[in-house]
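Colleague: Could you take me through the metal site in this model, slowly and in detail? I would also be glad to hear about some of the charged pairs elsewhere in the chain.

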Amino acid sequence: MRLAVRGAVQGVGFRPFIFRLASELELKGWVINSPQGVFCEVEGGRRQLDIFLLRMQTEKPPRASIHSLEHSFLDPAGYKDFEIRKSSGSGAKTAFIMPDIATCGDCLREIFDASNRRYRYPFTNCTNCGPRFSIIEALPYDRQNTTMKGFEMCGQCREEYENPLDRRFHAQPNACPKCGPRLELWSGSGKIRSEGDDALRQAAAAVREGKVLALKGIGGFHLIADARSEDAVARLRARKRREQKPFALMFPSLEAAAEHCHISALEERLLLSPESPIVLLKRRKESGGIAGAVAPGNPCFGAMLPYSPLHHLLMAELGFPVVATSGNISGETICTDEREALKRLGSIADLFLVHNRPIARHVDDSLVRMMAGRCLVLRRARGYAPLPITLKREMPAMLAVGAHLKNTIAVSAGSYAFISQHIGDLENEQAFCAFKKAQDDFRRLYAIQPSSIACDLHPDYLPTQFAEKSQLGITKVQHHFAHVVSCMAENELDGQVLGVSWDGTGLGPDRSIWGGEFLLATASSFQRIGHLRTFALPGGEKAVMEPRRSAIGLLHGIFGERLFENGSLAPVRSFTAAECRILKAMLGKRINSPLTSSAGRLFDAVSSITGMRQQAAFEGQAAMELEFALDGIETDAHYAFAIKQKSNGGSQSALLVDWEPMVRQIISEAAHGAPVGDISAKFHNTLAEAIVEIARQAAEEKVVLSGGCFQNKYLTERTIKLLAENGFRPYWHQRVPPNDGGIALGQLVAASHMADG
Ligand code: ZN
Ligand code: ZN
Ligand code: FE
């Protein structure tokens, strides 16, 4: 396990502490001080590693304060002992921008201490906590370069700021009720209702009454509603035009969260960490009291704890869980400015709890979950961005612009890749503006003049079009290859791997829609050695929101036109006779029915065939529900499948995973009323078996799992288990998302290697 610990960890006995802890747990490895923080690698039993991680936080030296702790698991290095390595004074103090840090224990005590001058002050912070990335306008990081520049420190704050012995020595956002930002409560029309603590109390009262509150937080607005109230949550859903996607919850305390969710020691650490992300937790079946509309049909809750003084004060006032979802209309980026919020969120929120500390850039809440015993970041933003991924080699200054959905961008500087915070789906002008702003922002902050730019192959992706207009040398990186290289980069893999790259959609070099790919890859090139059998998508893009279209295309691949005569098939039944005639003609003549090898669409098709879902409210919903359905089912059973050799006539040949035997079995089981959960479990197991079979035929030991499908916990864990049992070495994502949020990193690394030929 490698750890990067940033914060007040130097000159406070941190390295000896690590040494003692590692020795006690009989871990091997090393620890080193560098200008960027304390780094260490420890090697040993899995349980010892977990204990090491947990005790790092709970037993650290009294004067040490951890502002960020990132860790990941790498291949064993075979250390013989544990050593304190000589500090590397070398290397310039790279301009690292710290992420926003959750409120520390000291500040928390102050805001709840009636005798403290910061009692109930919602902008309390110190050198160990508070906003960073969200307030920095330029480097170096000092007050003049933050959005706090407009606030003149009062005498007392100034004294703290200038006293090397004070906890607020050079705390750039330092503030107090006398001189710092202030709260205001606004009506929907922007009229000031109240100020300061009254504003907070009235806002809390409104939430208690079932109102929707827009709250200006750290990196943008939250929309807040009483999570216990079906009415309040339903209202929020209707107004936000977000019908079914699960909402995140904020609990007043760890104990309150534990009443509703199962929380392991590692998950508890995440909830209480300086990063303070939303953690996907298994909900307790027996627990009631949270409105069903929060996360319909979902066996998990996305849960977080208060991470800013404002959230702490509000949650203490409320004492019950609230929905805390990004302040935006579906499809747009999170809102950061109060004037803009009135316009954009005016139709959603009843009241606005705002303040006058400007937000320099939007930073959403991060989302993580435990996967195969490790933390997996699904959305990398607050608390993590913009900390870099360390690369195995120096790279020229480059910019990678990412994909169309879940966009992030990345820049390289030396041996670091700086990945931006989650930007979002670039499906409208507002989001595309946010994208352009983010890439300007990154170039400026890191003073990088990129010599080249990396993008996706897809000509319709806005970032690709942006790259083409940029006048820079441009390298196009195939989408699924970028997924694989992204996962290789964070696992520090060299040489060749088998990349299993499964997602919804990506353009292949052959101009067809890929998504169920097996790529024999290095960081500079790949060969598509296999893929899922293709099927037609009648209506093309429309299929994303209509799983039944994927099903019709899949079934057409098996039965041809006869498919439409079988009225017992759920997808056929879901269309009218007239629609079926059109579909038949489309598929027969191959009109607007592109072929795809997409694994995501295969999930959709199976969901439709089992009768679970014909139409979706958001991409991936059908696949998510299929995963939910197998909750609690334990079986090793799987369906039949076939691996076929496909030849293109030329020298290129590829393996095909043929799902036909599986689909035939599913149809028959569904017809006999088999529970969807059982079908789903066997379907997932079949996919994992197929991956192992391809790995066997490819005879490649290292197998890299990437793409949006590997957000699916069951599929990922099952595949990892089977691969390991069969002598392969599986790798998956940890710090970078497996979804398209990881594409920019993959583009960056692949493009630089491709340039070397
Ligand atoms: Zn603090
Ligand atoms: Zn002050
Ligand atoms: Fe993708």
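Modeller: Happy to. The four donor atoms around the iron ion (ligand 3) subtend angles of 87 to 171°, so the arrangement is irregular. A tetrahedral label would need all angles to lie between 85 and 135 degrees, and the range here runs up to 171°. Please keep in mind that this is a predicted model.

Now to the donors themselves. Two are the NE2 atoms of His-479 and His-483, and the other two are OD atoms, from Asp-503 and Asp-740. The coordination distances are 2.1 to 2.2 Å. If you like to find such residues in the sequence, look for the spacing H-x3-H-x19-D-x236-D.

The two histidines share a helix: His-479 and His-483 both belong to α13, which covers residues 479-490. They sit four residues apart there, about one turn of the helix. How accessible is His-479, buried or exposed? His-479 has a relative accessible area of 0%, so it is buried. His-483 comes out at 1% relative accessibility and therefore counts as buried too; the cut-off for that word is under 20%.

On to the charged pairs. The structure holds 54 salt bridges, and a few are worth a visit. One of them joins Glu-24 to Arg-55, with the closest N and O atoms 3.0 Å apart. Glu-24 is in helix α1 (residues 14-24) while Arg-55 is in helix α2 (residues 46-58), so this pair ties together parts that are 31 residues apart in sequence. Glu-24 itself counts as exposed, because its relative accessibility is 52%.

Another salt bridge links Asp-197 and Arg-201, and here the closest N and O atoms are 3.0 Å apart. Both residues lie in helix α5 (residues 196-208), four residues apart, which is about one turn of the helix. Asp-197 is partly exposed at 26% relative accessibility, and Arg-201 is partly exposed at 38%. Salt bridges can also share partners: Asp-106, Arg-109, Glu-110, Arg-167 and Arg-168 are joined into one network in this way.

One last pair for your tour is Glu-83 with Arg-85, whose closest N and O atoms are 3.2 Å apart. Glu-83 has a relative accessible area of 35%, so it is partly exposed. Arg-85 is partly exposed as well, at 31%.

Definitions and conventions
Residues numbered from 1 in each chain as written. Chains lettered and ligands numbered in written order. Predicted model: local features only at pLDDT ≥ 70, side-chain atom pairs only at ≥ 80, totals over all residues. Heavy atoms only, no water. Donors = N, O, S within 2.8 Å, 3.2 Å for Na, K, Ca; no water. Tetrahedral: all angles 85-135°; square planar, octahedral: opposite > 155°, others 65-115°. Buried < 20%, exposed > 50% of the residue type's maximum accessible area, 1.4 Å probe, protein only. Salt bridge = Lys/Arg side-chain N within 4 Å of Asp/Glu carboxyl O.
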